Amino acid sequence: MLRSSNTVSKSRYFILAICIISLNVILAYRFFQLQVLDYDLYSQRSDNNRIRATSIPAPRGLIRDRNGEIIVDNYPTYVVFGIGAEIVDIHKNFSVISHTTGIDTSILRDNYKSYYRNRFLPTRLAKDLTISQLSRLEESKDKLTGIIYKQYPERIFNPRIRASHVLGYLKEINQDMISTKSSTNDYQFGDLIGWSGLERQYESLLRGKKGVSYFQVDSFGREAGNVKGHDNSLPQPGQDIYTTLDITLQELLESEFKGKKGAGIVSNPKTGGILSYVSSPDYAPDLFTGLISKNDWESIITDPDKPLLNRVSNGTYPPGSIYKMVVAFELLEKNFVSTDWEILCTGSYEFYDRTFRCWNEFGHGKVNLEKAIIQSCDVFFYQAIQNVSLDELKIRSKEFLHGIPTNIDLPTEMKGRVPDRQFMNKLYGRWGWSKGALLNISIGQGEILVTPLQMAAYINLLATRGSTYPLHLVQQNKELIESPMVSKRSWKLIGEYMEKTISNTKGTGRRSDPKIQGLKIAGKTGTAENPHGEPHAWFLGYGEKNGEMISVVIMIENGGGGGSVAAPLAKKVFKQYFSRTLTNLVSQ
Amino acid sequence: MFAEFWQKIKSSPLSILIFSILLLSLGLASLYSIALVQQQPPPNAFSKQSLFLIPAFFLMIIMTILSKRLIHKYIYLIYGIILIAVSIPFLGEQVSGAYRWINTGLEFTVQPSEIAKWVIVIALARYLSDHNLQMRNFSSMIFPLIISLIPTLIVINQPDLGTALVMMLPVITMLFWVGARPFHLFLIVAPFLSILTAFNVTVFTFWAIMLALIIFISKPQLWNGVTLYFGNIFLGLIFPFMWNLLRPHQKNRILTFINPDLDPLGAGYQIIQSKTALGSGGFLGKGWGQGTQTHLKFLPVQESDFIVSVIGEEFGFITLLVMLILFIWMIIKILKLAFTASDRFSGLILVGISTIFAAHLFVNCGMTSGLIPVKGLPLPFISYGGSFLVSCFMMLGLVLNFGREEID
C-alpha cells in the first residue's frame, strides 16, 4: 500500500512554499508596522496604561500686613477619598463615614457623583475634616473599603480682622474655568483658585507650583512601585504677599464701622499704600472655605445691606461738599474769584425760578472762598460756579482723579461718573437740562458720582500737593500720579483752608482733630443728599506729624452730617495712629 | 531491537529538531520571565511546561520509531477512537464555558482535539494514497472532505472554532498535493468567503468581481458556472439579511460562539493591549523581564495565546523576525521532505503537518497583532499548554519518521 508513488509536480510544491512565505511576509510586515513604524504611538500607550501622576498641592502663599503679621495662613485639613474599584459596598461606606464624622450622606453621595472620574482614581467624598473627625473615621476603618485620606492646606484667617473685601476668597475651579484658563493648564477640576480680592489679584504669586508624583499601576489600577525615568517634583510653595495693610488700624476701623454701612480707607499719601480698607457690612472671610450651608448663602445674598458689595471700590456715591476743593481750584486758577471776593449767604439762593438751599438754613452771612471751604457754604459756590462751564469743570475734576479708575491692585473697581455737556444732553435731551444742574454739581450733588477709593486718591493728591503715588495694597507703582496743572499759590491756599476746616472753631471738620501735640490735620466734610434717605456722611482729611503722614476717607451711607458723624470716626484713626508713633518714638 | 531503533532515529532528518528546540527555548524564556517577575511560585506555567517536556520528548521518540506500516494499518481504527475521544468532554463538566478537556482524575486534563488534528491528517493520507482517485472529478473530493468534516463538526460544538479551522485546513493542501484542480478547492472555500465579505459592500463587490473572473477563467459548463456564481452571491446577500433578523441576544450568542474569548472589559480590549505590548517593545524590546504590559497584567492570556506579544515586548521586532524565519524554515523543510518522499502516504502526512504548523503560526500571530479576530490558537513549541506541547512534539516525531528516506 505504501508503494503508491509520491508523484507531485514541482509547481505544486512551489505554490505551497510561496503561500507559506507570503503569509509570513504579511506577518513580518505587520510586526514591523507595529513595532518600528508605530513604535512611538504604542510606547506612549503603554506608558499611559501604567503611569499615573498625582499632584501634590503646593501650600499657598501667606498674606501678611506691613509689619509681617500674618493675615491669611494655611492650616492642614483632611480630605476623604473613595476608590471606586476597591469599594465593596458604597452605601455602607457612606453610612459609616456619615455616622463617624457627622457629614450628611447626601453630601457624600453628591460629591462622589460630581467628582467621579474613573473607578481607579480617588474620588473626593468630603473635605475639611478635622483631626478628631479623622481619628474617629480611622477607628472604624475595618468597616470601610477603598477609603483613603489626604492632607490639604486650607485658608485660615487672623481673628483680629476680617478685611474680607480686600482679601477675597478661594473657590473650587470648575470645568468651564479650566478651559478658559487654557494657558495655565495645570489647574485641575476641584483645585482652588483665587476668586476675588487679593487672592484673585495675586493668584499667580500665591499659588505656587504643584508637585507631581509618579507611580506605576497594574491593569487593576493597583499601585505597583515607582516609575523609572520619571522624577517626582516637589511642590513649590506660593510666595508670601506683604500688604501695606496695618492690622491694628484695620482692627480699629472695622470695630468703628460695626453696625454702620459705609467705607473707610486709611492710606499713606507719600506712597499710596493702603493701611486700612473697610467696607461695611462685610462677611466672615472664611465664609467660602469649606461647605457653605444653603441658609448662610441665602441670608448673605438676600441681605438688603449687601454685605458682598465692596463699597470702597465698587460703591458709587455723590461726593457732596468734599468736591468743593475741585471747584475752588478751578475758580482760583481761572481767576473767577479772588481771595477777598465775597458773597452774602442768606441760607438760600434764587436762580431763575429755582431756589437752591445752603445746608445752613440761617445763612453764613458774608462769605469769601476761605469761609466757603471752612464752613462749607453752598451759596458761595452757587454764585461762583456760574462763570465755569460744565466741560471745563469735568477736565478739572479728572485732574483731581474724579471719574478715573484708581488702578488699585484689586480685580474690580467702579469708575464713578463726572458729567459733561454731552452726558447731560444724552441723559436729559439737548434742552432738558439747564445751568441749574451746574449749580447742583458745584456742591458735589446731582449727576456726579464717586467711589470712596477715588476720594482716597483725591485726598492723597491734596495732601502731597500733587505728588502722590497710585493707591495700592501690595505692589507700589513706581510712577507718580500726574499732578494737576495748578499754581503753587492755589495749593497753598486750599491747603490752608482745609487745615482751618479742622482747626477753626466753626470749621465743619473740627470733630476730627484728636488734638495731639505737633499733629496738623487738614480735611473736609461732606453731607451728600441722596434719594435713599439720610444723607451720606463724608469726611476726608490728612494728618501730618514729624514728616509722617496718613490720609483718611470715611463715608457712612445714610449716616447724616459729615462733620458730626464721619469726622469723629476719623479722629479715632488719627488718634490711634499718631499716638502709636509717639510711643514708638519714645520706646526707640 | 534497541539498535534498530537507534538506527531509525539516526537516519531521521534530525536537523528539524534544531528549529523546534530554538523555538521552545524562546517560549521557555518568556514563561520564565513571567513566573520570575510576577513572583509566581511553582507550579507555574514555566515549571509545568518544563515538566510536560518529559512526556513530550518520550512520545516524540515513540512517534519517530513507530513502524510506518503499523501506523498505516491501524489509522482508521485510531481515527474512530479519536472521534469518540473528542466527544467525551461533552459528558463531563464545562470548563471555562467549553467542553474541551477530559478530566483524567490526575493533576492534569487532556485535550483530545489536539491529537485529533494530526490523526485526521494521517487518516486522510491513507485514504488519498490507497485509492487511485481521479482528482479531475469534483466527486473524488467528497469522501476526504467528510473524513475531516466529522471531527471538525464535533469540535465546533465544544465550541473551539480555532481548532476546527486547523482541522479543516490540511484537507485543502493535501487535496492540492494529490492533484485536485485549484478551481475545485476554490469552490470549497468560496461560500465561506461569500459570507465573510458580505458585511462590507466594497469588499463584497470586489469579491463578486473576483468570483466572476475566476469562474470565467476556469471555464466550467455554462449552467454550472452561472449556478455557482449566483449561488455564492445569493448566499452573500441573504446572510446579512438573516443576520439582521436575529435578536440582539441571538447575535451575541453567535458572536460569542465565533469568539469565545470576548472580554468582559469589552471587545477589542485584548487586541488593544496585545498591540500595545508589541508596539511598545520596539525594534530591540524592553529587555528580558522588563515588559510592563506583560508584568503589570495588561496583557491577557499571556502564557498561551498572547505569548507572541510577550516576546515582542521584551525582545523586540528583531526576535520576532528571527522567530518567523525559524518557522518558515522549518515548515518549508517539512514541505521539502514531503516533496522528496518516495511514497504518497508519507508525503501527504508531511504536507498535512506543515499545514497545521503554518495555520497555527498565521492565526496566532495574526490574532495577536490585530490582523484577524481573536481565535484562541496557541503557537507551536512556544505557547504554554501541556496537550498542545505534547501534540506538537508528536507531530515532530511523525515528521522525523515519515521524513526518513528508507521504507521499512
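The following three exercises with solutions concern a predicted model.

**Exercise 1.** Describe how strand S10 of chain A pairs with S11(A), and state whether S11(A) is covered.

Solution.
- Locate the strands: S10(A) spans residues 262-267, and S11(A) spans residues 274-280.
- Establish the pairing: the two strands run antiparallel and are joined by 6 bridges. One residue pair to inspect is Ile265(A), whose bridge partner in S11(A) is Tyr277(A).
- Examine the turn: the hairpin has 6 residues between its strands, and Gly272(A) adopts a positive phi near 85°.
- Check burial: S11(A) is mostly covered, with 7 of its 7 residues buried.

**Exercise 2.** Determine which helix supplies the largest share of the side of chain A that touches chain B, and what kinds of residues make up that side.

Solution.
- Begin with the contacts: 36 residues of chain A meet 46 residues of chain B.
- Find the contributing helices: H1 (10-37) and H2 (39-50) of chain A each give at least two residues to this side.
- Identify the largest share: H1(A) provides it, with 16 residues.
- Sort by type: the chain A side holds 19 nonpolar, 10 polar and 7 charged residues.

**Exercise 3.** Classify the packing of helices H5 and H6 of chain B.

Solution.
- Take the geometry: H5(B), residues 112-130, and H6(B), residues 142-156, pack at about 170° with axes 9 Å apart.
- Apply the cut-off: angles over 145 degrees count as roughly antiparallel, so H5(B) is roughly antiparallel to H6(B).
- List the contact: H5(B) contributes residues including Ile120(B), Leu124(B) and Tyr127(B), while Phe143(B), Ile147(B) and Val155(B) are among those from H6(B).
- Sort by type: this contact has 11 nonpolar residues, 2 polar and no charged.

Terms used
Residues numbered from 1 in each chain as written. Chains lettered and ligands numbered in written order. Predicted model: local features only at pLDDT ≥ 70, side-chain atom pairs only at ≥ 80, totals over all residues. Buried ≥ 20, exposed ≤ 12 C-beta atoms within 10 Å, placed from the backbone. Helix = DSSP H or I, 4+ residues; strand = E, 2+ residues; numbered from the N terminus. Pairing = 2+ DSSP bridges. Contact = placed C-beta atoms within 7 Å. Nonpolar A, V, L, I, M, F, W, Y, C, P; charged D, E, K, R; others polar. Axes fitted to C-alpha atoms, helices over the stretch in contact; angles between N-to-C directions. Parallel < 35°, antiparallel > 145°, perpendicular 65-115°, else oblique.
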